[in-house]
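Me: I am in my first year, and I would like a close look at a single part of this structure. Please take me through that part slowly, in connected prose.

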Amino acid sequence: MDRVPVLKLGDLLIVSIQIDLQDQSVLALQEDLADKVVETGARGVIIDITAVEIVDSFIGRMLSTIASITRMLDAETIVVGMRPAVAITLVELGLSLGGVRTALNLEKGVALLNHLDGARAVTAR
Amino acid sequence: MTSPSELPISGNSDVVLIRQQVRTVAVEVGLSLVDQTKIVTAASELARNALVYAGGGRVRIEIVHNNVRAGLRLTVSDDGPGIPDIDQALVDGWTTGNGLGLGLSGSRRLVDEFDLRSVPGEGTLITVTKWAR
């Protein structure tokens with residue numbers, strides 16, 4: 001089974017999925033990310049799916065699960081780079097990825113995380 | 001690929017192989033990028049269903065023609081427990097496993113033709129077709 005690498009950049013974790021995802025790889029990623037969020041105290045996770053050709057109901061559900069898990073560990077997950085054909089297919093499949101924040105690309109994902117973090121800092125004051 | 005191919009569904013890595021093979025044939029048939037993505041996603045759902053609910057099965061991938069168009073047909077079959085209530089199995093959100101219950105109902109929306117036959121205790125045969133536009 002291929003493992004998806006998790007990269008740390010400042011207080012962000014970045015995952016770029018470059019392989020054809022097997023179910024086990026997705027489950028392993030879920031655990032790796034939960035561990036890494038706690039280990040590094042990351043405030044955000046960005047999952048780049050630019051290279052992902054299809055998201056089926058299993059992968060989609062796992063993206064939602066990862067977002068819920070990291071949120072519980074005080075880190076927001078943003079999925080970036082979804083292809084238009086993947087978005088169309090997901091909606092037709094009946095999956096709305098509820099609870100998963102998305103951004104068009106990595107740059108916008110980082111900007112969104114900074115924005116969310118700013119808002120959080122204000123609320124906490 | 002000129003002749004139909006048949007691939008086994010016996011593990012998670014097979015689901016990945018099936019997706020890749022369906023993609024190759026979808027390109028060959030001339031499906032649009034969106035339609036390629038839809039049929040590959042449907043293949044992934046149906047193959048995983050066969051794995052999860054029947055312990056495995058096989059998929060036949062073939063190019064078909066009607067009078068005007070070419071299409072890609074997938075025939076997914078298994079010798080599993082079968083589906084007792086097909087109408088119920090096709091309802092969004094209905095599942096006997098731990099998934100989302102979108103595999104069958106969602107796949108049906110992704111293809112042009114969908115046929116499901118199942119005999120309890122003998123197995124399930126699902127045929128789906130996507131036509132090039």
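How many salt bridges are counted between chain A and chain B?

Reply: The count between chain A and chain B is six salt bridges. Please keep in mind from the start that this is a predicted model. As general background, side chains of opposite charge can pair when their charged atoms come close.

One of the salt bridges joins B:Arg19 to A:Asp20, with 3.3 Å between the closest N and O atoms. B:Arg19 and A:Asp20 also belong to a network of salt bridges, in which they are linked with A:Asp23, A:Asp56 and B:Arg48. Besides the salt bridges, there is a count of polar contacts to consider, and between chain A and chain B it comes to 11 residue pairs, both residues of each pair being at pLDDT 80 or more. On the chain A side, the helices α1, α2 (57–72) and α3 (84–93) each supply at least two residues of the side that touches chain B. Of the contributions to that side of chain A, the one from α3(A) is the most, with six residues.

It helps next to consider the extent of the contact, to which chain A brings 21 residues and chain B brings 23 residues. Between them, chain A and chain B bury about 2000 Å², and 55% of this area is on carbon and sulfur atoms. Within the area that chain A buries against chain B, A:Ile54, A:Glu92 and A:Leu93 supply 29%, which is more than any other three residues.

A single residue of chain B lets you look at this contact in detail. B:Ser44 is found in helix α2 of chain B, which covers residues 33–54. B:Ser44 has a relative accessible area of 0% and is therefore buried, the cut-off for that word being under 20%. The side chain of B:Ser44 makes a polar contact with the side chain of A:Asp56, at 2.5 Å, and A:Asp56 is also one of the residues linked in the network of salt bridges described above. If neighbours within four places in sequence are left aside, B:Ser44 is in contact with A:Ile54 and A:Asp56 from chain A, and with B:Val15 and B:Arg19 from chain B. Two of these partners have already appeared, since A:Ile54 is among the three residues named for the area that chain A buries, while B:Arg19 is the residue that forms a salt bridge with A:Asp20.

To place the contact in a wider setting, you can turn to salt bridges inside the chains, bearing in mind that the structure holds 19 salt bridges over all chains. In chain A, A:Arg43 forms a salt bridge with A:Asp117, and their closest N and O atoms are 3.6 Å apart. This pair links distant parts of the chain, for A:Arg43 is in the loop between α1 and β3 (44–48) of chain A, whereas A:Asp117 is in helix α4 (residues 106–124) of chain A, 74 residues apart. A:Arg43 is buried, with a relative accessible area of 15%, whereas A:Asp117, with 25%, is partly exposed.

In chain B, the side chains of B:Glu62 and B:Arg60 meet in a salt bridge at 3.3 Å, taken from N to O. Here B:Glu62 counts as buried at 15% relative accessibility, and B:Arg60 is partly exposed, with a relative accessible area of 34%. Another salt bridge of chain B is the one in which the side chains of B:Asp112 and B:Lys130 meet, at 3.8 Å from N to O. This pair, too, links distant parts of its chain, with B:Asp112 in the loop between α4 (103–110) and β4 (113–119) of chain B, and B:Lys130 in strand β5 (residues 123–131) of chain B, 18 residues apart. B:Asp112 counts as partly exposed at 36% relative accessibility, while B:Lys130 counts as buried at 3%.

For a contrast with these charged pairs, consider a nonpolar patch on the surface, which A:Val38, A:Met72 and A:Leu73 form with about 330 Å² of accessible area together. A:Val38 is found in helix α1 of chain A, residues 23–40, and at 55% relative accessibility A:Val38 counts as exposed.

Definitions and conventions: Residues are numbered from 1 along each chain as its sequence is written. Chains are lettered from A and ligands numbered from 1 in the order in which they are written. This is a predicted model: local features need pLDDT of at least 70, side-chain atom pairs count only at pLDDT 80 or more; totals for chains, interfaces and linings use all residues. Side-chain values use heavy atoms; hydrogens and water are left out. Helices (H or I, at least four residues) and strands (E, at least two) are DSSP runs, numbered from the N terminus. Buried means under 20% relative accessible area, exposed over 50%, partly exposed in between (1.4 Å probe, protein chains only). A polar contact is a pair of N or O atoms within 3.5 Å; within protein, one must be able to donate a hydrogen and the other to accept it, and residues adjacent in sequence count only if both atoms are side-chain atoms. Contact means heavy atoms within 4.5 Å. Patches are made of residues with over 30% relative accessible area and no salt bridge: like charges are joined within 9 Å, nonpolar side chains (Val, Leu, Ile, Met, Phe, Trp, Tyr) within 5 Å. Accessible areas come from the Shrake-Rupley method with a 1.4 Å probe; for residues, only the protein chains shown count as cover. A salt bridge is a side-chain nitrogen of Lys or Arg within 4 Å of a carboxyl oxygen of Asp or Glu. Buried area is the accessible area (1.4 Å probe) that two parts lose on being put together, summed over both.
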